[in-house]
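Biologist: I would like to learn how to read a model like this one, feature by feature. Please show it first, and then we can start with the cysteines.

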Amino acid sequence: MVEGMTDLSDFIRGLPKAELHLHIEGSLEPEQMFEFARRNRLALPFKSVEEVRAAYAFSNLQDFLDIYYQGAGVLMTEADFHDLAMAYFRRVAADGCRHVELFFDPQTHTDRGLPFRVAIEGLLSGMAEAERTLGVSSSLILCFLRHLDEDAALATLKAAEPWLDRLLGVGLDSSEVGHPPSKFAKVFAAARQRGLKLVAHAGEEGPPAYVWEALDLLKVDRIDHGNRALEDPALVQRLAAEGMTLTVCPLSNLKLCVVDDLANHPLKRMLDLGLRATLNSDDPAYFGGYLGANWTATAQALALSRDDLVTLAKNSFTGSFLPADRIEAHLAEIDAYAR
Ligand code: ADE
Ligand code: ZN
């Protein structure tokens with residue numbers, strides 16, 4: 001175990017790491033929500049930042065999604081998306097994060113009338129500035145909303161055509177139960193044909209069968225969350241044998257009641273089972289902490305050793321979609337730091 005809270009936070013801060021599960025709309029802080037609403041002359045159903053924070057008490061994923069989609073309604077211009085991204089990158093740069101593969105939900109924005117280009121251009125410009133000024137590299141994953149139908153996802157992929165060379169991949173998020181991966185087999189096949197990486201949320205609230213479907217029907221390169229895979233020993237064996245990365249989000253799991261206590265979180269068990277688990281923040285403005293806070297709270301609650309933390313840091317790069325030489329360079333930096 002790493003001794004002392006300050007020692008632990010300092011060790012974690014200095015450890016080079018990547019974030020592989022971050023919804024940029026989930027980094028919208030209440031203060032920014034008011035700022036964007038003011039800029040865009042929009043009314044909010046809240047009177048104060050405190051009132052917004054008080055509304056962040058969720059008993060499941062859907063409770064959260066309802067307020068998350070409402071919050072995203074204040075994002076209107078490319079500048080809003082640029083500023084949202086830069087505010088996030090400033091925070092994770094301070095947490096020792098070197099690389100981010102971030103999600104965005106274009107349908108949340110096009111369905112309320114924004115042209116497709118607004119979110120993506122604003123984000124790409126924020127990402128370029130973050131790389132230039134903070135030294136944090138990043139790439140973008142377009143998520144399809146699974147509560148909508150596959151035709152809507154196909155239309156979104158079509159709208160994204162002009163930006164395909166600037167997209168890393170596609171993902172699948174939103175309400176999981178009742179919306180299995182099989183519903184999106186065609187659009188994932190189309191994305192694969194276009195050379196995009198494939199990821200999907202599976203096993204957050206949904207059963208192990210959804211994780212099997214993500215692997216077998218969507219042919220994903222990474223599983224987001226994957227907690228409930230642990231209920232199925234054959235699935236665990238498959239994930240371990242394939243070296244499949246799981247992007248695990250402990251504070252999210254706590255806030256959305258996927259786990260009842262951080263001390264009961266399965267992350268340590270995943271590592272002990274030989275799974276390539278990574279540690280991420282999901283929607284940090286809603287779940288009580290950015291990347292560093294997730295690492296520190298989880299390390300404490302599960303009494304993670306320095307070796308565990310180094311393994312998690314290495315997993316965050318080996319599980320990334322960076323080119324092999326950049327992964328090697330990050331791993332060498334971790335080794336040098338750990339020594
Ligand atoms: N969209 C944003 N955060 C999500 C999560 N944790 N699960 C599913 N969809 C999401
Ligand atoms: Zn997520």
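Modeller: Cys 249 is buried, at 0% relative accessible area. Bear in mind that this is a predicted model.

Biologist: How many disulfides are counted here?

Modeller: A disulfide is a covalent bond joining the sulfur atoms of two cysteines. For the count, the two sulfurs have to lie within 2.5 Å. By that rule there are zero disulfides.

Biologist: Why is Cys 249 not in a bond?

Modeller: Because its sulfur is 12 Å from the closest cysteine sulfur, that of Cys 143, which is too far for a bond. Cys 143 is likewise in no disulfide, and its nearest cysteine sulfur is that of Cys 249. Cys 143 is buried, with a relative accessible area of 1%.

Biologist: Now the sheet. In what order do the strands run?

Modeller: To read a sheet, follow the pairing from one strand to the next. Here eight strands form an open sheet in the order β1-β2-β3-β4-β5-β6-β7-β8, and the pairing is parallel. β1 (17–19) and β8 (276–279) are the edge strands, each paired on one side only. On average, neighbouring strands of the sheet are turned by 25° against each other, direction ignored.

Biologist: Which helix packs on the sheet at β1, β2 and β8?

Modeller: That is helix α16, residues 306–318, which touches those three strands. The direction of α16 makes about 100° with that of β8.

Biologist: And how is the pairing itself read?

Modeller: Through bridges between residues of adjoining strands. β1 pairs with β2 (residues 97–104) in the parallel sense, over three bridges. Within that pairing, Glu 19 has Val 100 of β2 as its bridge partner. Three bridges also join β6 (residues 222–225) and β7, again in the parallel sense. There, Asp 224 is partnered with Thr 247 of β7.

Biologist: Are the faces of strand β7 covered or open?

Modeller: In a regular strand, side chains alternate between the two faces of the sheet. In β7, residues 245–248, both faces are covered. Thr 245 and Thr 247 are buried on one side, and Leu 246 and Val 248 are buried on the other.

Biologist: Take one residue in a strand. What does Ser 138 touch?

Modeller: Ser 138 lies in β3, residues 137–145, and counts as buried at 15% relative accessibility. Leaving out residues up to four places away in sequence, Ser 138 touches Phe 89, His 99, Val 100, Leu 102, Met 127 and Glu 131. Val 100 is also the bridge partner of Glu 19.

Biologist: Which residues are around ligand 1?

Modeller: Begin with the list of neighbours, then look for polar atoms. The neighbours are His 23, Leu 61, Phe 64, Leu 65, Tyr 68, Asp 173, Ser 174, His 201, Glu 204, His 225, Asp 282 and Asp 283. A ligand nitrogen atom is 2.6 Å from an N or O atom in the side chain of Asp 283. For the side chain of Glu 204, the distance from such an atom to a nitrogen atom of ligand 1 is 2.7 Å. Ser 174 takes part through its backbone, where an N or O atom lies 2.8 Å from a nitrogen atom of the ligand.

Biologist: What about the loops? Where is Asp 260?

Modeller: Asp 260 sits in the loop between α12 (250–255) and α13 (267–272). Asp 260 is exposed, with a relative accessible area of 67%. Its side chain makes a polar contact of 2.9 Å with the side chain of Asn 264.

Biologist: Which backbone angles deserve a look?

Modeller: Look at positive phi values in residues other than glycine. Lys 219 is one such residue, with phi near 60°. Lys 219 is placed in the loop between α10 (208–216) and β6, and is partly exposed at 45% relative accessibility. Ala 303 has a positive phi near 50°. Ala 303 lies in the loop between α15 (291–301) and α16, partly exposed at 38%.

Biologist: Last, how far is Ala 336 from Leu 15 in space?

Modeller: Distance along the chain and distance in space are separate readings. Ala 336 and Leu 15 are 321 residues apart along the chain, and their C-alpha atoms are separated by 10.0 Å. Ala 336 belongs to helix α17, residues 324–338, and counts as partly exposed at 46% relative accessibility.

Technical notes
Residues are numbered from 1 along each chain as its sequence is written. Chains are lettered from A and ligands numbered from 1 in the order in which they are written. This is a predicted model: local features need pLDDT of at least 70, side-chain atom pairs count only at pLDDT 80 or more; totals for chains, interfaces and linings use all residues. Side-chain values use heavy atoms; hydrogens and water are left out. Two strands pair if DSSP finds at least two bridges between them. Helices (H or I, at least four residues) and strands (E, at least two) are DSSP runs, numbered from the N terminus. Axes are lines fitted to C-alpha atoms, for helices over the stretch in contact, and angles run from 0 to 180 degrees between N-to-C directions. Contact means heavy atoms within 4.5 Å. Buried means under 20% relative accessible area, exposed over 50%, partly exposed in between (1.4 Å probe, protein chains only). A residue is near a molecule or strand if one of its heavy atoms lies within 4 Å of it. A polar contact is a pair of N or O atoms within 3.5 Å; within protein, one must be able to donate a hydrogen and the other to accept it, and residues adjacent in sequence count only if both atoms are side-chain atoms.
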